[in-house]
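Me: I am new to this structure and should like to understand the terms used to describe it. May I put some questions to you about how each label is reached?

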Amino acid sequence: MQRVFEPIFEIAYLAFAFVAGVYLSFRYPNKKNARIFGIATILLAAGDSFHLIPRMMGLISGDMAAFTFWLGLGKLATSITMTVFYVLLFYFLLERYKLKANRFFEILLFVLATARLVLCAMPQNGWFSEKSDYVFGIIRNIPFWFMGIFSVVFSAVACKKDRCLRFTWLFITLSFLFYTGTVVFAHFASWTGMLMLPKTVCYVAIIVSVLIVYDDEKEKRTIYYSDELADDFADKKIAPKDLKKRYPYFIFNPLRKIIAFVLYYFIAYPIGVLYQKIWFGEKIIGKYKLKNYRSEGFFLYGNHTRDIGDAFT
């Protein structure tokens, strides 16, 4: 199961992060804060790709040991890019809210980041060997954990009145908790390495939150309609598509069922829930009433008021 699910998840994450980073960097050329976060996202995805690509190849081939060198190089790369990501996140928030950087906090952040990078460069890490030094692995993360505490506090204060980014502190907290679980316990229980997946979901949540910010700030237009039957009020240019007579409404292939299950419940569903909660503040009342009809099906009548929002609901 892991050999199927994990590569699908990681490919989806890398593709999303790269596209989101490029989009933010070039779609809003006049917004410095968008470019800063776009560059941070691209760096994060680039560093993760150094680690995730050889990991996927090891999982698929069933011989993880054959990729020891590349996995070690990837861990080093992602350690560097995660550190830089949080430095750029600090400057993104400063620029977005037009805050003046406190000299002490700015120096503190750079000292912690520099200490983290220096420790990552030490030979005691044993990046390219199968057995790394557990104690030194804890030591090199101490500055990074302090960076996490700094980022949580700063984002909680800076974003508290921002409807789209007010949960950034929570996503950072959860990502560090999952990351810490892997760093501390993976040496004793290899399965805790799976905690890196929910950690990645937290990064996706941060990126989605920022994308929503700039979608909300798009230039407002005044549109006049004259033909209520022909005009496209939603401005979506939707063209009806005819389905073929033998359209496969149901999936019977076992492999396709597994892939569909993974894509829906582990990728699409979490993203949809986060989008609804963060963007619309959605709360469904009486959802328990539908549980009795799961095996029978039912008609749900509602006024179509949103595009992607209604689909996620």
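Reply: Let us begin with glutamate 106, which is buried, with a relative accessible area of 15%. Please bear in mind throughout that this is a predicted model.

Me: Why is glutamate 106 called buried?

Reply: Buried means under 20% relative accessible area. Glutamate 106 has a relative accessible area of 15%, and therefore counts as buried.

Me: What makes glutamate 106 and arginine 103 a salt bridge?

Reply: The closest N and O atoms of glutamate 106 and arginine 103 are 3.6 Å apart. A salt bridge requires a side-chain nitrogen of Lys or Arg within 4 Å of a carboxyl oxygen of Asp or Glu, so the pair qualifies. Both residues lie in helix H4 (residues 103-120), three residues apart, which is about one turn of the helix.

Me: Why is arginine 103 called exposed?

Reply: The label exposed applies over 50% relative accessible area. Arginine 103 stands at 60% relative accessibility, and so counts as exposed.

Me: How many salt bridges are found in the whole structure?

Reply: A search of the whole structure finds four. One of these salt bridges joins glutamate 6 and arginine 55, with the closest N and O atoms 2.5 Å apart. This pair links distant parts of the chain: glutamate 6 is in helix H1 and arginine 55 in helix H2 (residues 32-61), 49 residues apart.

Me: Why is glutamate 6 called buried, and why is arginine 55 called partly exposed?

Reply: Glutamate 6 has a relative accessible area of 1%, which is under 20%, so the residue is buried. Arginine 55 has a relative accessible area of 21%; partly exposed covers values between the 20% and 50% cut-offs, and arginine 55 therefore receives that label.

Me: How do you know that lysine 98 and glutamate 95 form a salt bridge?

Reply: Their closest N and O atoms are 3.2 Å apart, which is within 4 Å, so the pair meets the criterion. Lysine 98 is exposed because its relative accessible area of 64% is over 50%. Glutamate 95, at 24% relative accessibility, lies between the two cut-offs and so counts as partly exposed.

Me: Is serine 151 buried or exposed, and what makes it so?

Reply: Serine 151 is at 7% relative accessibility, which is under 20%, and therefore counts as buried. The residue lies in helix H5 (residues 134-158). Leaving aside residues up to four places away in sequence, serine 151 touches Tyr86 and Ile172.

Me: Why is isoleucine 11 called exposed?

Reply: Isoleucine 11 has 52% relative accessibility, which is over 50%, so the residue counts as exposed. Isoleucine 11 is placed in helix H1 (residues 2-27). The C-alpha atoms of isoleucine 11 and serine 49 are separated by 9.1 Å, while the two residues are 38 residues apart along the chain.

Me: Which residues gather in a patch of positive charge on the surface?

Reply: Lys277, Lys283, Lys287, Lys291 and Arg294 gather there. Lysine 277, which lies in helix H8 (residues 254-280), is at 45% relative accessibility and so counts as partly exposed. A patch needs residues with over 30% relative accessible area, so the value for lysine 277 meets that requirement.

Me: What does the secondary structure of the protein chain come to?

Reply: The protein chain has nine helices and zero strands. Buried residues make up 36% of its 313 residues.

Methods
Residues numbered from 1 in each chain as written. Predicted model: local features only at pLDDT ≥ 70, side-chain atom pairs only at ≥ 80, totals over all residues. Heavy atoms only, no water. Patch = residues over 30% accessible without salt bridge, like charges linked within 9 Å, V, L, I, M, F, W, Y side chains within 5 Å. Areas by Shrake-Rupley, 256 points an atom, 1.4 Å probe, with all protein chains shown as cover. Lys, Arg positive; Asp, Glu negative; His and termini not counted. Charge placed at Lys NZ, Arg CZ, Asp CG, Glu CD. Helix = DSSP H or I, 4+ residues; strand = E, 2+ residues; numbered from the N terminus. Buried < 20%, exposed > 50% of the residue type's maximum accessible area, 1.4 Å probe, protein only. Contact = heavy atoms within 4.5 Å.
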